[in-house]
Amino acid sequence: MTGLRYVYAVCRPFRTPLQAQLTGVTGAPAALLHHHGLVAVVSTVPEADFCEEALKAHLEDLDWLAATARAHQGVVDALTTVTTPLPLRLATVFRDDSALRMMIEAREDDFRRLLDRLDGRVEWGVKVYLEPEPAEDEPAAAARPVSGRDYLRSRRERSHAQEERWQRAERFAHSLHGRLAERAEDVRLHRPQNSALSGTTGQNVLNAAYLVPRAHSEEFVELVDRTKDEAPGIRVELTGPWAAYSFSGEVSGEASGAEDGAAAGTKTGAESGTGSGAVTGAESGKGPGEGR
């Protein structure tokens with residue numbers, strides 16, 4: 001069966017070996033292609049599954065997307081332990097190594113500039129949720145509204161209380177974001193997640209990615225941990241460290257976060273890959289935001 005070259009990331013040469021038996025998309029082993037002082041991390045995938053027509057069909061299959069995104073992310077995560085990778089978008093494939101080398105030559109100035117900027121830095125994802133209100137017991141019959149006026153007043157009171165809870169959560173999220181941004185070199189604010197789609201409880205108030213020097217990550221994590229009990233009814237979630245998915249958009253397309261891409265797959269619609277000989281590249285889902 002004819003194979004295509006699937007590209008996970010571009011990085012600089014590194015000496016530490018990758019994890020033994022590291023496999024990527026379709027279970028194929030990851031390999032390194034060196035060119036012009038850069039390294040493309042690749043594997044071979046069947047053309048029958050990754051040609052343009054096949055990808056159009058696969059992009060409608062959420063199970064396929066989720067499995068492919070998890071495998072893609074697994075390779076990038078392994079790279080993050082040994083070097084600073086520049087992740088490429090999901091399903092970026094080339095006809096052969098010659099076409100891939102042409103792409104590297106065409107984009108090498110961009111690659112080097114971004115790798116210089118991201119060197120020694122990782123991405124942390126922070127989400128803030130307003131927790132659901134505790135379930136209340138059914139009110140006794142005597143306490144139930146006895147008129148339309150009582151009912152409307154009760155509705156207004158509940159609505160007002162909910163609005164106050166939301167405003168309190170927004171103030172907390174704004175304050176937390178300000179403190180975290182001071183410790184980060186760059187920030188990306190992603191759209192809040194829809195809880196019905198993500199399967200997460202609570203209303204997402206803040207969905208942000210922070211670019212942090214690896215050497216300062218411990219104090220960044222400690223700062224987030226100290227805030228987790230500051231406000232009752234508000235949940236703070238920290239994920240990472242990730243490769244800098246949200247800060248690689250100048251090469252890989254729209255910024256995307258890691259963990260959501262792995263969980264939810266990709267946006268529908270294939271896009272042309274970069275450089276002569278590219279077959280296609282599907283724009284990855286919001287990955288640590290609604291990103292990795």
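This report walks through a predicted model of one protein chain, from its overall make-up to a few single residues.

**Ground rules**

Residues are numbered from 1 along each chain as its sequence is written. Because the model is predicted, local features need pLDDT of at least 70 and side-chain atom pairs count only at pLDDT 80 or more, while totals for chains, interfaces and linings use all residues; side-chain values use heavy atoms, with hydrogens and water left out.

**The whole chain**

Let's start with the big picture. The chain holds nine helices and 11 strands. Both kinds of element are DSSP runs, numbered from the N terminus: helices are H or I with at least four residues, and strands are E with at least two. Of the 292 residues, 48% are buried. Here "buried" means under 20% relative accessible area, "exposed" means over 50%, and "partly exposed" is in between (1.4 Å probe, protein chains only). About 14400 Å² of the chain is exposed, and carbon and sulfur atoms supply 49% of that; these areas come from the Shrake-Rupley method with a 1.4 Å probe, and for residues only the protein chains shown count as cover.

What about disulfides, meaning pairs of cysteine sulfur atoms within 2.5 Å? A search of the whole structure turns up zero.

**A four-stranded sheet and its helices**

Next comes an open sheet of four strands, in the order β7-β8-β6-β9, with antiparallel pairing. Two strands count as paired if DSSP finds at least two bridges between them. At the edges sit β7 (186–189) and β9 (234–242), each pairing on one side only. On average, neighbouring strands here are turned by 20° against each other, direction ignored. For such angles, axes are lines fitted to C-alpha atoms (for helices, over the stretch in contact), and the angles run from 0 to 180 degrees between N-to-C directions.

Strand β6 (residues 121–130) pairs with β8 (residues 203–213) over 10 bridges in the antiparallel sense. Leu-130 faces Gln-203 in β8. As background, strands of a sheet pair through backbone hydrogen bonds, either parallel or antiparallel.

Which strands does helix α4 touch? Helix α4 (residues 97–118) packs on the sheet against β6, β7 and β8, and its direction makes about 70° with that of β6. Contact here means heavy atoms within 4.5 Å. Helix α7 (residues 217–227) lies across β6, β8 and β9 and runs at about 5° to β6.

Strand β9 has a quirk of its own: Pro-241 is in this strand, and a cis peptide bond with omega of about 0° joins Gly-240 and Pro-241.

**A hairpin**

Strands β2 (residues 31–35) and β3 (residues 38–46) also pair in the antiparallel sense, over five bridges. Ala-31 has Val-42 in β3 as its bridge partner. Two residues lie between the strands of this hairpin, and His-36 takes a positive phi near 55° there. Gly-37 is also in the loop between β2 and β3. Leaving aside neighbours within four places in sequence, Gly-37 is in contact with Pro-13 and Arg-112. Its C-alpha is 9.3 Å from that of Cys-11, although the two are 26 residues apart in sequence.

Positive phi turns up elsewhere too. Thr-26, in the loop between β1 (3–11) and β2, has phi near 60°. Ala-91, in the loop between β4 (86–87) and β5 (93–94), has a positive phi of about 65° although it is not a glycine.

**Arg-165 and its surroundings**

Arg-165 lies in helix α5 (residues 148–183). Is this residue buried or exposed? Arg-165 is buried, because its relative accessible area is 15% and the cut-off for buried is under 20%. A polar atom of its side chain lies 2.7 Å from the backbone oxygen of Glu-131, within the polar-contact limit (a pair of N or O atoms within 3.5 Å; within protein, one must be able to donate a hydrogen and the other to accept it, and residues adjacent in sequence count only if both atoms are side-chain atoms). Not counting residues up to four places away in sequence, Arg-165 touches Leu-130, Glu-131, Pro-132, Glu-133 and Gly-233.

Pro-232 lies in the loop between α7 and β9. Its C-alpha is 9.7 Å from that of Ala-169, with their positions 63 residues apart along the chain.

**Accessibility of some residues**

| Residue | Relative accessible area | Class |
|---|---|---|
| Cys-11 | 0% | buried |
| Ala-91 | 2% | buried |
| Cys-51 | 21% | partly exposed |
| Gly-37 | 43% | partly exposed |
| Pro-232 | 64% | exposed |

Terms used. Disulfide = S-S within 2.5 Å.
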